[in-house]
Amino acid sequence: YGNYGTGLAYNPVEKVYYWNMIDASGVSNMVRIDAVNKTAEVYESFDLGETFSTLFCLDDKIDAYRPKRPSAVSMDFPDGSTTGTVIFMTPSETMNGLPISGDLTYTAYVDSEKYSEGTASPGKELEVEYSGLSDAMHTFGLTVTLDGVESSAAIIRGYVGNDIPLTPQDVKLTETEVTWRAVTQGVHGAYIDTEAMRYEVYINGESIGVTSETHIAPQLPDDKPLTLYKASVKAICNGMESRMSGESNGVVAGEPMHIPVYLKPTKEEFELMSVYDPNKLGWYYTEIDLGEVVSASVGETQADNWLFLPPVSVDDVSKLYTFSLTAFSWGEWYTEEYLEVLLCSSPSPESVISTVIGEFNANETPTDYSGLIQVPEPGTYYVALHCTSAPWQLGVVAKDFRIDDDNILATSPEAPSDIEAKADEKGALEATVSF
């Protein structure tokens, strides 16, 4: 796994290999490989991913009359039970190959602690009963003693009791529902009582309820400030809790903004905006020398990127409201960057009501643009930035979004245009302004 070299050593006495194996999930395991019987068993795991680059066997003098190592056959703990049995096979020979006659004394262990003792016949299966264990991964061991000489230990490792549920996946949030996939397995592949499975659901870190279903109604508030909400879920089964799931997609809910509006935008403000882009390029938030900005992404096709600013409530239809922003391109090499600003009744291209700022060609110089918003009736509206840049551009950059009430009425005269100023030719502190 990865580029890490790990240790492998051969024990000629036991005739087995010991290998530090790191699995695909990053868990480091010690494995005993019996090449003769073609078996491999994991007898220890290290959840922090420790690696052992070198392994070696001590060159200790072996007692020829020492009994050979027992072997672990199986373990059986019924569904969710912490009481069960482990079956070992006792050795029939000593290290020099002589048959063992008479009974052996055995010592059974759990998690390296002595658990029970007794006598057993050589070359026979021995069933050891364990009870009152905790819901956890346990290591069971057995040694045998002949004439005061103890063998090395047979080891078997497995999960006992109720397993920890896997983390819920595919959490999704809408304005009316949180959904996720049912959890049917445990972290260790051990017993899970799916009938007892419950799910605790959180919105922005606060619990909203527990259910046995795979959905719940979130009741997002519509009378609080506009907020981005995300859901997360954890599974609970017979007292065992999963890790918290990753956060769902975001859903914006709450009261619409009120004029005057100013959006820098910060990252949090950008999260209140929504994106529509059939080309899957979208808009993104970033920080540059000029501060916090948003930018459209452009690819090999004509841009069609929509960024809908947060909803704004407009009550007075007799007024025209001023919308302004600063826009520019990423550099002088990108000469076909285009943007238009539209008024919409919902965050959808199909809901366009009018043009606020007609399509313009943004260049590398940050420039202020403005236009007027007039709504047909009181309600909630969305200002949309629509990037229409040519293929292989880098996208329009925008910042400093404002909606202001400048007390402009439908009957007000238009603003002056084509303003020019000319300094006095003789250096006097005078100028002539024309428009």
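Two strands are taken as paired where DSSP finds at least two bridges between them. In this predicted model, strand S34, which spans residues 397–409, meets that criterion with strand S26, residues 291–296, through two bridges in the antiparallel sense. Within this pairing, Ser 295 is placed opposite Val 397 of S34.

Strand S34 also pairs with further segments of the chain. With strand S29, residues 319–328, eight bridges are formed, and the arrangement is again antiparallel. Here Phe 328 faces Val 397 of S34, the residue that also stands opposite Ser 295. Strand S23, which covers residues 261–263, runs antiparallel to S34 and is joined to that strand by three bridges. In this case the residue opposite Tyr 262 is Arg 402 of S34.

The pairing of S29 with S34 is accompanied by a side-chain interaction. A salt bridge links Asp 405 and Lys 319, with an N to O distance of 2.8 Å. Asp 405 belongs to strand S34 and Lys 319 to strand S29, so that this pair connects distant parts of the chain, 86 residues apart. The two partners differ in their accessibility class: Asp 405 is partly exposed, at 36% relative accessibility, whereas Lys 319 is buried, at 18%. The assignment of Lys 319 follows from the cut-off for burial, because a residue counts as buried under 20% relative accessible area.

Leu 320 is likewise located in strand S29. Its relative accessibility of 12% places Leu 320 in the buried class. Beyond the neighbours within four places in sequence, the contacts of Leu 320 are with Leu 372, Ile 373, Gln 374, Ile 408, Leu 409 and Ala 410. By contrast, the C-alpha atoms of Leu 320 and Glu 127 are 87 Å apart, at a sequence separation of 193 residues.

Nine salt bridges are present in the structure as a whole. In general terms, side chains of opposite charge can pair when their charged atoms come close. One of these interactions is formed by Lys 399 and Asp 400, for which the closest N and O atoms lie 2.7 Å apart. Lys 399 is buried, with a relative accessibility of 13%. Another salt bridge involves Asp 170 and Lys 172, and the closest N and O atoms of this pair are separated by 4.0 Å. Both of its members are partly exposed, Asp 170 at 38% relative accessibility and Lys 172 at 44%.

A separate open sheet comprises four strands in the order S16-S15-S19-S20, with antiparallel pairing. Its edges are occupied by strand S16, residues 206–211, and strand S20, residues 240–241; each has a single partner strand, and one side of each is therefore left without a neighbour in the sheet. The partner of S16 is strand S15, residues 198–203, and five bridges connect the two strands in the antiparallel sense. Among the paired positions, Tyr 199 has Thr 211 of S16 as its bridge partner.

Towards the start of the chain numbering, a nonpolar surface patch of about 380 Å² is made by Leu 8, Tyr 10, Tyr 17 and Trp 19. At least two residues of this patch are supplied by each of strand S1 (8–11) and strand S2 (16–22). Trp 19 is situated in strand S2 and is partly exposed, its relative accessible area being 33%. Patch membership requires over 30% relative accessible area, a condition that Trp 19 satisfies because its value is 33%.

Ala 64 lies outside the strands, in the loop between strand S4 (39–46) and strand S5 (71–76). At 30% relative accessibility, Ala 64 is assigned to the partly exposed class. When residues up to four places away in sequence are disregarded, Ala 64 touches Thr 94, Met 95 and Asn 96. The C-alpha atom of Ala 64 is separated by 87 Å from that of Pro 366, which is 302 residues away along the chain.

Methods:
Residues are numbered from 1 along each chain as its sequence is written. This is a predicted model: local features need pLDDT of at least 70, side-chain atom pairs count only at pLDDT 80 or more; totals for chains, interfaces and linings use all residues. Side-chain values use heavy atoms; hydrogens and water are left out. Patches are made of residues with over 30% relative accessible area and no salt bridge: like charges are joined within 9 Å, nonpolar side chains (Val, Leu, Ile, Met, Phe, Trp, Tyr) within 5 Å. Accessible areas come from the Shrake-Rupley method with a 1.4 Å probe; for residues, only the protein chains shown count as cover. Buried means under 20% relative accessible area, exposed over 50%, partly exposed in between (1.4 Å probe, protein chains only). Contact means heavy atoms within 4.5 Å.
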